[in-house]
Amino acid sequence: MRNILLTLLLFIPLLAQQQNYSIIIHKPFDAALLDITQNYDRTISAIGFSNQNKQMHHESQTYSDPFEYLASVSGSYGMQMHLVQADDQAKVLLSKVAKLPRFNKAVALVKTPDDGYFVGGYTLDGELLIAKLDAKANIMYSQMFGTKNYDRMENLVLLSDGGVLAVGSSFTSRDTNDNMFETGLGVSDIFLTRFAKDGSKLWSKKYGTAYDDKGIDAAEATDGSIVVISTSSYQKHTDATLMRITENGNKLWLKQYKSDDLITPKKIIRLRDNNFLIALIEYNALQQEHIRLIKFDLYKNLLEDRKIFTTYPSGLNDIKEFSDGTIMGVGYVKDSFNTDALAMLLDSNLAMLRQEHYGGENYDVFNSLVILNNSEVAVAGIHTDNDSQEANMWITKLNKDTSVVKIQLNTQSLYEQLCALFADEIKQKQLSITPDLNIELLDTSLYFQAGVYQLTQKQKTFLSSFGNKLIPFLTQHEESIKQLQINGHTSSEWAEEKYTNRYLKNEKLSMQRAYSVYTFLFRSQDVQTQKWLSKIIVGSGYSSAQKKVYNNIENKSLSRRVSFKIISK
């Protein structure tokens with residue numbers, strides 16, 4: 001399967017270069033992006049979760065009760081909603097974790113007229129969650145809601161009045177006097193809650209059959225009524241269920257799509273012709289999935305029912321309509337060895353026009369898309385590095401033909417970023433950076449004495465600060481980096497030795513100097529960063545080939561040094 005995975009930005013020296021628009025954000029433990037939207041300033045924002053795990057602190061207190069100890073180390077960190085904002089150059093502008101008191105998972109992101117966001121999700125102990133954020137992802141307020149049982153949100157849908165509808169499910173309370181119930185007392189029920197634009201709750205209601213019902217998604221009609229898509233599971237069957245309700249939550253009609261195969265609805269949208277389209281995943285007897293699309297009108301009349309079979313099992317997690325009536329869908333495709341992200345373009349009759357697969361050699365999936373003002377498509381999902389078990393947050397942009405959006409970059413841009421990053425060091429004349437991305441140390445206290453390669457404490461202090469800036473900068477652009485060179489240098493003298501021995505001994509000394517710096521920087525990184533550095537970092541010795549010469553006179557003190565060089569692909 002086709003592998004396309006270029007992360008963020010880097011540049012060929014002095015030449016313009018096209019790069020794929022793709023951002024991968026690595027966090028400790030699993031992380032993912034589940035929904036995405038465009039901001040009013042044309043940047044994009046995506047929501048998901050990352051794991052903020054508690055760090056162990058060595059304290060004097062001792063515990064004799066293991067349960068008391070476990071209680072002491074729990075509850076401070078865990079899964080939390082995570083919002084990422086990026087610009088059109090694939091630069092991450094904001095990456096913010098909302099540390100709420102209870103562990104939670106965000107599933108939906110809705111843009112508000114005041115340039116903020118509604119975020120929908122649920123806590124890991126079974127309550128539903130809605131939060132209002134400002135434009136900088138600061139929490140203005142948040143509230144938990146739901147029943148006394150385990151509840152789970154699947155989506156948060158923007159309504160025409162500026163409010164939102166939370167769609168999810170709740171395990172039944174089996175209380176026939178509960179006035180939240182419209183129908184059904186199954187294992188779980190569809191759970192809907194409507195909020196006004198100021199975040200106040202208008203109503204909550206539960207719906208369902210005698211079976212296991214789960215709310216998946218909803219779309220608002222032009223008359224203000226709402227069509228809800230859900231699942232109904234019984235025995236070994238799972239059917240898709242459509243329900244139309246009024247703006248106050250009163251049920252108007254219900255229709256089930258039954259099949260001998262397992263059906264899982266993923267998304268419903270209202271089309272420009274005011275009909276509705278559902279994306280479903282249908283499983284055959286071998287449990288291999290394929291794509292099914294159902295188009296219907298407001299009065300539950302079936303207009304189109306199309307199954308799309310591809311070479312490999314595949315499914316669509318999200319769909320959106322372009323202004324010309326074509327449909328973009330994103331999801332996943334599986335072969336015998338891995339799972340790739342899938343982008344698919346359909347015509348207005350739901351016939352497939354083209355598809356593309358994206359990812360590496362592990363697990364990759366697209367979860368959500370938004371069609372941008374320029375007809376490009378921003379996509380949020382999950383990328384897993386090769387030889388890794390941890391999922392990472394992934395944002396990419398696609399053209400309408402499902403190809404990756406290219407961004408024009410040049411070395412000058414990277415050079416300016418490096419200069420900004422090391423502005424203090426440049427101002428203090430500790431180092432200099434040239435447009436070809438060569439970094440030279442200027443502070444003479446950072447040079448070596450004759451015949452010495454061991455690092456002084458001052459050199460270690462500087463390299464610690466230097467590495468804490470440079471290495472994260474490089475990992476941010478990791479897929480475009482070819483090499484980080486650490487080059488050792490010497491002066492030309494070596495006692496009374498003749499040229500051959502003098503050069504060779506200086507060659508060994510220059511390599512030892514490079515190795516000392518190489519080792520110090522490498523050991524300062526975590527294991528994940530070390531694994532990546534091992535692929536791109538190079539230590540070399542130049543002997544006295546690049547000694548410092550001024551007015552035809554060698555400056556021996558300034559020749560005893562290390563330098564750094566960034567090489568891009």
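In this predicted model, a nonpolar patch on the surface is formed by Y150, F171 and V187, which together expose about 260 Å² of accessible area. One of its members, Y150, sits in the loop between β10 (139-145) and β11 (151-158). With a relative accessibility of 33%, Y150 is classed as partly exposed, because the partly exposed class runs between the buried limit of 20% and the exposed limit of 50%.

We turn next to the pockets. The largest pocket holds about 1700 Å³ of space. Its lining consists of 48 residues, and D35, N155, K267, D318 and K320 are the ones that lie nearest the centre. Two or more lining residues come from each of β3 (31-38), β7 (104-111), β11, β15 (212-220), β19 (262-270), β23 (314-321) and β27 (364-371). In chemical character, the lining of the largest pocket divides into 25 nonpolar, 14 charged and nine polar residues.

Charged pairs form the last topic. Side chains of opposite charge can pair when their charged atoms come close. Across the whole structure, 22 salt bridges are found. Among them is the pair K111 and D115, whose side chains meet at 3.0 Å from N to O. The two partners fall into separate classes of accessibility: K111 counts as buried at 10% relative accessibility, whereas D115, at 28%, counts as partly exposed. A further salt bridge joins the side chains of R152 and E154, with an N to O distance of 3.7 Å. Here R152 has a relative accessibility of 34% and is partly exposed, and E154, at 32%, is partly exposed too.

What does the salt bridge between E440 and R561 tie together? The closest N and O atoms of this pair are 3.4 Å apart. E440 belongs to strand β32 (residues 438-441), while R561 lies in the loop between α7 (556-559) and β37 (562-568), so the salt bridge links parts that are 121 residues apart in sequence. Both partners are under the 20% limit and therefore count as buried, with a relative accessibility of 14% for E440 and 2% for R561. Salt bridges with shared partners also bring D217, K267, D318 and K320 into one network. Three members of this network, K267, D318 and K320, appear again among the residues that lie nearest the centre of the largest pocket.

Terms used
Residues numbered from 1 in each chain as written. Predicted model: local features only at pLDDT ≥ 70, side-chain atom pairs only at ≥ 80, totals over all residues. Heavy atoms only, no water. Patch = residues over 30% accessible without salt bridge, like charges linked within 9 Å, V, L, I, M, F, W, Y side chains within 5 Å. Areas by Shrake-Rupley, 256 points an atom, 1.4 Å probe, with all protein chains shown as cover. Salt bridge = Lys/Arg side-chain N within 4 Å of Asp/Glu carboxyl O. Helix = DSSP H or I, 4+ residues; strand = E, 2+ residues; numbered from the N terminus. Buried < 20%, exposed > 50% of the residue type's maximum accessible area, 1.4 Å probe, protein only. 1 Å grid on protein atoms, 1.4 Å probe; cavity = no way out; pocket = protein on both sides within 12 Å on 5 of 7 lines; lining within 4 Å. Points joined across faces, edges and corners; volume = space filled by probe spheres on them. Nonpolar A, V, L, I, M, F, W, Y, C, P; charged D, E, K, R; others polar.
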